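Reader: I would like a close look at a single topic, helix packing. Please explain each term as it comes up.

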Amino acid sequence: MAKTTGFFDKALTSSSTERFRIGICLLFLLGVWLYVGQISAGTPGSMLLMAAAVIGGYMAINIGANDVANNVGPAVGSGALSLGAAVLIAAVFEAGGAIIAGGDVVSTIKGGIIAADRVPDTASFVWLMTAALLAGALWLNLATWMGAPVSTTHSIVGGVLGAGIAAGGWGIADWGVMAAIVASWVISPVLGGVFAALFLFIVKKTVLYRQDLVASARTFVPWLVSIMAWAFGTYLMIKGVKKLVEVDFLGASLVGLVVAVVVFLIMRVVVGRKAATMENNANGVNGLFTWPLIFAAALLSFAHGANDVANAIGPLAAINDALSAGAVVTSASIPLWVMMVGALGLGVGLMLFGPRLIKTVGSEITELDKTRAFCIALSAALTVIIASQLGLPVSSTHIAIGGVFGVGFLREYLKSNYATQIHSIIEKHDEADLQRLQPFLDDFRNASVEEMEALLKKARKNKNELPLSKSERKRLKKIYREELVKRSHLTRIIAAWVITVPASASMAAVLFFTLRGLLL
């Protein structure tokens, strides 16, 4: 089984299969072209609808390649899931979320950022949507190639904004809505990072920093996992299954509470059984979060498929309705074939091109274990819930990436802080005792953040046994300047976030004028 998984993982990431992956995408898009051509034969604008369907499929592929990484990346980076298993789970649940809970009607003007009545005519509206869809897809493709996880919602928002301004002038845009979107660039990652760091700190204080980790885990882990269960139960009711069941926040919270109680009872039994053979260290505690992380990856993927598939099929549904009705539409029904283009495109993009971004999110920004990944997943669900109730504009992509950076920066802070505390404890000792100190320094140098806490407690109790010379103090300080978060990734990702809307808007404006010139 391990060999099979390893072969699958290698096949997903090998550069030698790049042409093969591109070929599959082209076959998928060719199939979309032929199918839509068959069902629209003889109707007005058939060729334009066929082209729009192919572009919609291309957009869905790029959403799968880029955005889905945020849902499963932490689980892969922590080792809870292999890359192959994560891709398979995400593909199934993304497609399932899109088909089962993706909605019957979608807003054609994403986020209300432009005024539909300012669009000159139906032809301009169709060109606008086509240009927006293609621009969003091209930008996502470029971002994926650069290894930068960006918001697919912001990509299509930028496309609609740019093409809308090209079609109706600067006055067509609702700049108040755009200001809220800009605010989300800051609000989303900050909230995600703060919550993830807070939960990780709580886990450390209640479990990882205790002398008897097994007893602490038996007490606190069921509560932590049940909090996640409440968050995901509520999140799915609000965001994931609104097509099937429409409930308010109170009703969703009560459903989440029932789920949390059931999960608490199950986890109490599971943790109790594992405690008998569990190692009294961080690795033992990490193992308790494996299944919660797997469920989190699946549920986040389902909710993402239900919501963000609209970024690909919304404009396509709008084009379909506009060509059928001969008028500009502000909300469009979603035919089954449009939904299937979006759902299958998500799965194809994820399986063929998603692994690169999954690796970036899961392992290249900061080192993740299962405890840290658990805190990121919990933060993602809670942040969306809280922000939606407060009316704050947030991006699920930015929240998840903010959570990854949050746990990394917390680790950096704690490591530096523990080093400072060590200095204050042993700075008064003279150089004569350096030999006795050396084993402790070696242990401290190689310790994880959690192990440092235990060594720090030992140092407090045995001050006379831990002398340190001036030169050793300087050496020790240098050790803790290590960066646990890759700054190069931070810079690249923030830059990609900031330019997503302007970049997709600029491309959409150029594409609109190009389409209008070709089709007039």
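Author: Two helices count as roughly parallel when the angle between them is under 35 degrees, roughly antiparallel over 145, roughly perpendicular from 65 to 115, and oblique for the rest. The angle is taken between N-to-C directions and runs from 0 to 180 degrees, with axes as lines fitted to C-alpha atoms, for helices over the stretch in contact. Helices are DSSP runs (H or I, at least four residues; strands are E, at least two), numbered from the N terminus.

The model is predicted: local features need pLDDT of at least 70 and side-chain atom pairs count only at pLDDT 80 or more, while totals for chains, interfaces and linings use all residues. Residues are numbered from 1 along each chain as its sequence is written, and side-chain values use heavy atoms, without hydrogens and water.

Start with helix 3 (residues 46-66) and helix 6 (residues 122-146), whose axes are 9 Å apart and make an angle of about 30°. Helix 3 is therefore roughly parallel to helix 6. Their crossing is left-handed (the near helix is turned anticlockwise from the far one by less than a right angle; clockwise would be right-handed). In contact (heavy atoms within 4.5 Å), helix 3 contributes residues including Leu48, Ala52, Ile55, Gly56 and Tyr58. Helix 6 meets them with residues including Val126, Thr130, Leu133, Leu134 and Gly136. Sorted by class, this contact has 14 nonpolar, seven polar and no charged residues. Here Ala, Val, Leu, Ile, Met, Phe, Trp, Tyr, Cys and Pro are nonpolar, Asp, Glu, Lys and Arg are charged, and the others, Gly among them, are polar.

Helix 6 also packs on helix 14 (residues 336-364), at an angle of about 50° and with the axes 9 Å apart. Helix 6 and helix 14 are therefore oblique to each other. This crossing, too, is left-handed. Thr144, Trp145 and Met146 of helix 6 make the contact with Phe353, Arg356 and Leu357 of helix 14. By class, four of these residues are nonpolar, one is polar and one is charged. Thr144 also belongs to the contact of helix 6 with helix 3.

Next come helix 7 (residues 152-168) and helix 8 (residues 175-208), with axes that come within 12 Å and cross at roughly 150°. That angle makes helix 7 roughly antiparallel to helix 8. The crossing of helix 7 with helix 8 is left-handed. From helix 7, His154, Val157, Leu161 and Ile165 meet Trp175, Met178, Ile181, Ser184 and Trp185 of helix 8. This contact has seven nonpolar, two polar and no charged residues.

Helix 12 (residues 290-308) can be followed through two of its residues, one of them Ala298. Ala298 counts as buried because its relative accessibility is 7% (buried means under 20% relative accessible area, exposed over 50%, partly exposed in between, with a 1.4 Å probe and protein chains only). Leaving aside residues up to four places away in sequence, Ala298 touches Ile89 and Phe93. Val92 is 206 residues from Ala298 in sequence, yet their C-alpha atoms are 8.6 Å apart. Ser301 is also in helix 12, and it counts as buried because its relative accessibility is 0%. With the exclusion of residues up to four places away, Ser301 touches Asn71, Val72, Ala90, Phe93 and Glu94.

Finally, confidence. The chain has a mean pLDDT of 82, with 81% of its residues at 70 or more; pLDDT is the predictor's confidence in each residue, from 0 to 100. Over residues 476-481 pLDDT stays under 50, and the model has 13 contacts beyond four places in sequence for them.
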